[in-house]
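This briefing describes selected features of one protein structure together with its ligand. The points are grouped by topic, so that each can be followed in the sequence and in the 3D view.

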Amino acid sequence: MASTELDTASFIKLDEAWGAHNYHPLPVVIAEAEGAWVTDVEGNRYLDFLSGYSALNFGHRHPALIAAAREQLDRLTLTSRAFHNDQFGAFCQELAELTGTEMVLTMNTGAEAVESAIKVARKWAYEVKGVAFDSAEIIVAAGNFHGRTTTIVSFSDDPAAHDNYGPFTPGFITVPYGDAQAIRDAIGPNTAAVLMESIQGESGVIVPPEGFFAEVRKMCTDNNVLLVADEIQSGLARTGKLFALDHDNVRADLYTLGKALGGGIIPVSAVVGRADVLGVLKPGQHGSTFGGYPVACAVGRAVVALLQTGEFQERSEELGKHLHSRLDDLIGHGISAVRGRGLWAGVDIDPAAKTGREVSMALRDRGVLCKETHERTLRIAPPLVITREEIDHAIDSLVEALEA
Ligand SMILES: *Cc1c(COP(=O)(O)O)cnc(C)c1O
């Protein structure tokens, strides 16, 4: 039971009085968490069915990750990259080996990883491919979500993310997601890269058509264009494999990673990929004070070690089948469609039934936390440590919530 000076309503009032209103959280105030469960300030327990948008793939406070963080805190926290530290190189090597890539660029947040990939792709286009100065183009997908910086929202078509943040960064061409022919038509002599989520997360867990990424890979190779896969949400075991692209047997030239890379403890992100591409960066041309700092590297190494066992990929694959079979049974009973892969699902609420927010609230009342994305889609992404029985409990609660 959490000790509390304030009740739920008072905490929320405080948030609203002093915090910028850039989110609309569910009215629950969490004070403690472990594994797949969180406890609020009043001592109520909830099953986490969202995992911090996949930042908590290994559950809350995984003992190996907490131990790695603690140990590092007791030794060394920050050096800046002005000096070397004894964690950075090992983290880069271990992450590269895990991902089958050659080089690692460390940053902090997902948006910074995407920004870094954009910068590297442009620099590569000018210095290696020979694109005319200031005319590089990057092909992106409609419905994308890659973060919140000014450049990234420049090519967002979500009005909430985009509107009134201009003037915008040019150099992006938007095509429908999953449409290989549209990419073929958009590729020209100035194309530096195709940048896409392997599965679109914020958009509602949109899985592209079978064979799409294999076609994109071939086009990119044929035209000397980089394939940049944003696996910040889809990667690191969420879909049952290390990368969602692995389901298509496709390799990207660059991958952006974040969220789960920091184990839900600290922000850790990276661009991993080809050494001849990331190699365009020379000293002083890019960086971040905290990017690759010792605490990030120590936690990141522990995350890599967990992923190396394959246990989380297996759990996601196995339990994901169960999750999806239970969700599929609800189609026609308050749910109109289910998409996704592994322990990840976008669930469209029947328009005749309820909004995503109403279902999320009814689930909260039953001790399960998840959140809508857009008006009528629930995004389900439990921690990969969840059990089959806990999934059943959550789906039984969803059935009740849809009927309530
Ligand atoms: C969350 C997310 C980002 C942005 O990550 P932040 O850490 O919030 O900046 C980028 N791309 C995808 C696919 C994401 O899901």
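In this predicted model, an N or O atom in the side chain of glutamine 233 lies 2.7 Å from an oxygen atom of the ligand. Of the 380 Å² that the ligand exposes when taken alone, the protein buries 81%. The points below continue with the ligand's surroundings and then turn to salt bridges, helix H13 and some individual residues.

**Surroundings of the ligand**

- The ligand is also approached by aspartate 230, which has a polar side-chain atom 2.7 Å from a nitrogen atom of the ligand.
- In alanine 111 it is a polar backbone atom that lies 2.8 Å from an oxygen atom of the ligand.
- The residues surrounding the ligand are Thr109, Gly110, Ala111, Phe145, His146, Gly147, Glu197, Asp230, Ile232, Gln233 and Lys259.
- Sorted by class, this shell consists of three nonpolar, five polar and three charged residues.

**Salt bridges**

- Side chains of opposite charge can pair when their charged atoms come close.
- The structure contains 17 salt bridges.
- One of these joins glutamate 94 to arginine 301, with their closest N and O atoms 2.9 Å apart. The pair links distant parts of the chain, since glutamate 94 belongs to helix H4 (residues 88-99) and arginine 301 to helix H11 (residues 294-308), 207 residues apart.
- Glutamate 94 has a relative accessible area of 21% and is therefore partly exposed. Arginine 301 also counts as partly exposed, because its relative accessibility is 25%.
- Aspartate 253 and arginine 274 form a salt bridge through their side chains, at 3.0 Å from N to O. They also link distant parts of the chain: aspartate 253 is in the loop between strand S8 (226-230) and strand S9 (254-257), and arginine 274 is in the loop between strand S10 (269-273) and helix H10 (275-278), 21 residues apart.
- Is aspartate 253 buried or exposed? Aspartate 253 is buried, because its relative accessible area is 6%, which is under 20%. Its partner arginine 274 is partly exposed, with a relative accessibility of 28%.
- Aspartate 253 and arginine 274 belong to a network of salt bridges that also includes Arg217 and Asp276.
- A further salt bridge is formed by the side chains of arginine 366 and glutamate 400, at 3.0 Å from N to O. Here too, distant parts of the chain are linked: arginine 366 lies in the loop between helix H13 (356-365) and strand S13 (368-369), whereas glutamate 400 lies in helix H14 (residues 388-403), 34 residues apart.
- Both partners count as partly exposed, with a relative accessibility of 28% for arginine 366 and 44% for glutamate 400.

**Helix H13 and its cover**

- How many of the ten residues of H13 are buried? Seven of them are, and H13 is thus described as mostly covered.
- The buried residues of H13 are Gly356, Arg357, Val359, Ser360, Ala362, Leu363 and Arg364.
- Their cover includes strand S3 (45-48), strand S12 (345-349), S13, strand S14 (371-373), strand S15 (377-380) and H14.
- Glycine 367, just after H13, takes a positive phi of about 85°.

**Histidine 62**

- Histidine 62 is placed in the loop between helix H2 (51-54) and helix H3 (63-73).
- Its relative accessibility is 16%, so histidine 62 counts as buried.
- The side chain of histidine 62 reaches the backbone nitrogen of alanine 64 at 3.1 Å.
- Not counting residues up to four places away in sequence, histidine 62 touches Leu306 and Phe312.

**Alanine 275 and aspartate 74**

- Alanine 275 is part of helix H10 and counts as partly exposed, at 26% relative accessibility.
- Leaving aside neighbours within four places in sequence, alanine 275 is in contact with Glu102 and Met103.
- Alanine 275 and aspartate 253 are 22 residues apart along the chain, and their C-alpha atoms are separated by 9.5 Å.
- Aspartate 74 is located in the loop between H3 and H4. With a relative accessible area of 69%, aspartate 74 is exposed.
- From C-alpha to C-alpha, aspartate 74 and valine 272 are 29 Å apart in space, and 198 residues separate them in sequence.

Key
Residues numbered from 1 in each chain as written. Predicted model: local features only at pLDDT ≥ 70, side-chain atom pairs only at ≥ 80, totals over all residues. Heavy atoms only, no water. Helix = DSSP H or I, 4+ residues; strand = E, 2+ residues; numbered from the N terminus. Buried < 20%, exposed > 50% of the residue type's maximum accessible area, 1.4 Å probe, protein only. Polar contact = N/O pair within 3.5 Å; in protein donor to acceptor, adjacent residues only side chain to side chain. Contact = heavy atoms within 4.5 Å. Near = heavy atom within 4 Å. Areas by Shrake-Rupley, 256 points an atom, 1.4 Å probe, with all protein chains shown as cover. Nonpolar A, V, L, I, M, F, W, Y, C, P; charged D, E, K, R; others polar. Salt bridge = Lys/Arg side-chain N within 4 Å of Asp/Glu carboxyl O.
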